[in-house]
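Thanks, everyone, for making the time this morning. I would like to take you through one model, beginning with the overall picture and then stopping at a handful of individual residues.

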Amino acid sequence: MITNEQIAQAFDRLAEIIEFLDRKDPADPFRIRTYKKVANIIRWYPHNIYELRKEGKLEQIPGLGKQSWAKLLQFLETWTIKKYEELKQDLPESVLQLMDIPWIWPKLAKQFYEILGIKSPQELTEIVENQPEKILSLPRMWQQKLEQIKKWLQMYQFTKTRTPL
């Protein structure tokens, strides 16, 4: 059974990829906020969304517009969102892994990718450890933030090595 958290993560990921790609579409900031809002509505909804759909009670969820409903139904039927799959084709899968690192938001991941050519968490770890001056050369980057990135990478590596119960 799919959980509300899994559904919410799909909408969060859609918002992140739109923010990362930054196509200068005037509607994108609205889309990003909307998908994050949908993710939070789903994440904190007190009943399982997948079960509600099976019971035919999906309309009970408040706060979703037509497009969001369509994407939610699409996800519940296919386990993916078509728009996400389309946008995902425009960047390497490993770049999406950069955004899996705690506190590496899309704009920071975009700087790592476009300015430094970093395409994966492994490459970021290597640069942070061996060439920290490259990270410090980025706009709005300072030593304290570099130290935070090191901690974030350690947390990421720790969570990747843990076995879920």
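I will go from the whole chain to its core, then to the surface and the loops.

Please keep in mind throughout that what you have in front of you is a predicted model. The chain has 165 residues, of which 42% count as buried, and its secondary structure comes to ten helices and zero strands. Read from the N terminus, then, the order of elements is simply one α after another, α-α-α-α-α-α-α-α-α-α. Taken along the principal axes, the C-alpha atoms fill a box of roughly 55 × 45 × 25 Å. If we consider contacts between residues at least 6 apart in sequence, 57% of them join residues that are at least 24 apart. As for the outside, the chain exposes about 10100 Å², and carbon and sulfur atoms supply 53% of that area.

Let me turn to the interior. Which residues touch the most other members of the largest nonpolar core? That core holds 53 residues, and the ones with the most contacts to fellow members are I61, L72, F112, L124 and I135. Helix α1, which covers residues 4–21, gives the largest share of this core, namely ten residues. L72 is a useful place to look around: leaving out neighbours within four places in sequence, L72 is in contact with I7, F11, I42, I49, I61 and L64, and of these I61 is itself on the list of best-connected core members that I just read out.

Staying with helix α1, I would draw your attention to E19, which is placed in that helix. Is E19 buried or exposed? Its relative accessibility is 18%, and because the cut-off for buried is under 20%, E19 counts as buried. Once residues up to four places away in sequence are set aside, E19 touches I32, K36, P106 and K107.

Now to the surface, where W103, W105 and M155 together make a nonpolar patch of about 380 Å². M155 is found in helix α10, and with a relative accessibility of 41% it counts as partly exposed. W103, by contrast, lies in the loop between α6 (93–98) and α7 (106–116), and its backbone deserves a second look, since W103 is not a glycine and yet has a positive phi of about 70°.

There is another residue of this kind to mention. R140, also not a glycine, has a positive phi of about 55°, and R140 lies in the loop between α9 (132–136) and α10 (143–161). Here the side of the line is clear: at 67% relative accessibility R140 counts as exposed, because exposed begins over 50%.

Finally, a word on G117, which sits in the loop between α7 and α8 (121–130) and which, at 32% relative accessibility, counts as partly exposed. Apart from its neighbours within four places in sequence, G117 is in contact with F112 and E123, and F112 brings us back to the core, being one of the residues that touch the most other members there. How far apart are G117 and I49 in space, C-alpha to C-alpha? The distance is 39 Å, for a separation of 68 residues in sequence. I49, you may recall, is among the contacts of L72.

That is the tour I had planned, and I am happy to go back to any part of it.

Terms used:
Residues are numbered from 1 along each chain as its sequence is written. This is a predicted model: local features need pLDDT of at least 70, side-chain atom pairs count only at pLDDT 80 or more; totals for chains, interfaces and linings use all residues. Side-chain values use heavy atoms; hydrogens and water are left out. A nonpolar core is a set of buried Ala, Val, Leu, Ile, Met, Phe, Trp, Tyr and Cys residues joined through side-chain atoms within 4.5 Å. Buried means under 20% relative accessible area, exposed over 50%, partly exposed in between (1.4 Å probe, protein chains only). Helices (H or I, at least four residues) and strands (E, at least two) are DSSP runs, numbered from the N terminus. Contact means heavy atoms within 4.5 Å. Patches are made of residues with over 30% relative accessible area and no salt bridge: like charges are joined within 9 Å, nonpolar side chains (Val, Leu, Ile, Met, Phe, Trp, Tyr) within 5 Å. Accessible areas come from the Shrake-Rupley method with a 1.4 Å probe; for residues, only the protein chains shown count as cover. A salt bridge is a side-chain nitrogen of Lys or Arg within 4 Å of a carboxyl oxygen of Asp or Glu.
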